[in-house]
Amino acid sequence: MIDMKKIFVFLLASFLIASCGKVENEKMITFKVCGNCDMCKNTIDSAAKSVDGVAEANWSESTGEIMVGFDSLRTDEVLIQKAIAASGYDTELEKADDKAYENLRACCQYTRKDQTL
């Protein structure tokens, strides 16, 4: 089930950031990330937010998608997806290293495909 309250808060925060002029080159993207649970969400969101220039990240367990707001002059989608993959989660563009995947908690070890999403 989509958590509409979280999506609303994310969109409102993004609008406020953009309207305040703090992030002149803000870009919003959405892409698939494999995961299973709330612990996955915490790790995926944290990995995306660890990238310099990322203002917000919100992964949805129900859709398997993450919405990311970032400053396009400081980072890009590839770097964000690489950071998430480094934490053990396959994305549309990047496959997680086998060792990183194996280090995930048992409940977070999603069924892997031969290639990225």
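Across which strands does helix α2 lie, and at about what angle does the helix run to β2? In this predicted model, where local features need pLDDT of at least 70, side-chain atom pairs count only at pLDDT 80 or more, and totals for chains, interfaces and linings use all residues, helix α2 (residues 38-49) lies across β2 and β3 and runs at about 160° to β2. Residues are numbered from 1 along each chain as its sequence is written, and side-chain values use heavy atoms, with hydrogens and water left out. Helices (H or I, at least four residues) and strands (E, at least two) are DSSP runs numbered from the N terminus, while axes are lines fitted to C-alpha atoms, for helices over the stretch in contact, with angles from 0 to 180 degrees between N-to-C directions.

The sheet on which this helix lies is open and consists of three strands in the order β1-β3-β2, with antiparallel pairing; two strands count as paired if DSSP finds at least two bridges between them. Because β1 (26-32) and β2 (54-59) stand at the edges with a single partner strand each, one side of each is left without a neighbour in the sheet. Neighbouring strands are turned by 15° against each other on average, direction ignored.

Seven bridges join β1 to β3, and Phe31 stands opposite Ile66 in β3. On the other pairing, five bridges join β2 to β3 (residues 65-71); here Asn58 stands opposite Met67, and Glu56 has Gly69 as its bridge partner. The hairpin of β2 and β3 has five residues between the strands, and in this hairpin Gly64 takes a positive phi near 70°.

Six of the seven residues of β3 are buried (under 20% relative accessible area, with a 1.4 Å probe and protein chains only), so this strand is largely enclosed by the rest of the structure. A second helix, α3 (residues 77-86), lies across β1, β2 and β3, running at about 45° to β1.

The largest nonpolar core, a set of buried Ala, Val, Leu, Ile, Met, Phe, Trp, Tyr and Cys residues joined through side-chain atoms within 4.5 Å, has 24 residues, and those with the most contacts inside it are Ile66, Val68, Ile80, Ile84 and Tyr89. The elements giving two or more residues to this core are β1, α2, β2, β3 and α3, and α2 gives the most, with four residues. Leaving aside neighbours within four places in sequence, Tyr89 is in contact (heavy atoms within 4.5 Å) with residues including Val33, Cys40, Ile44, Ile84, Leu104 and Tyr110.

Definitions and conventions
Buried means under 20% relative accessible area, exposed over 50%, partly exposed in between (1.4 Å probe, protein chains only).
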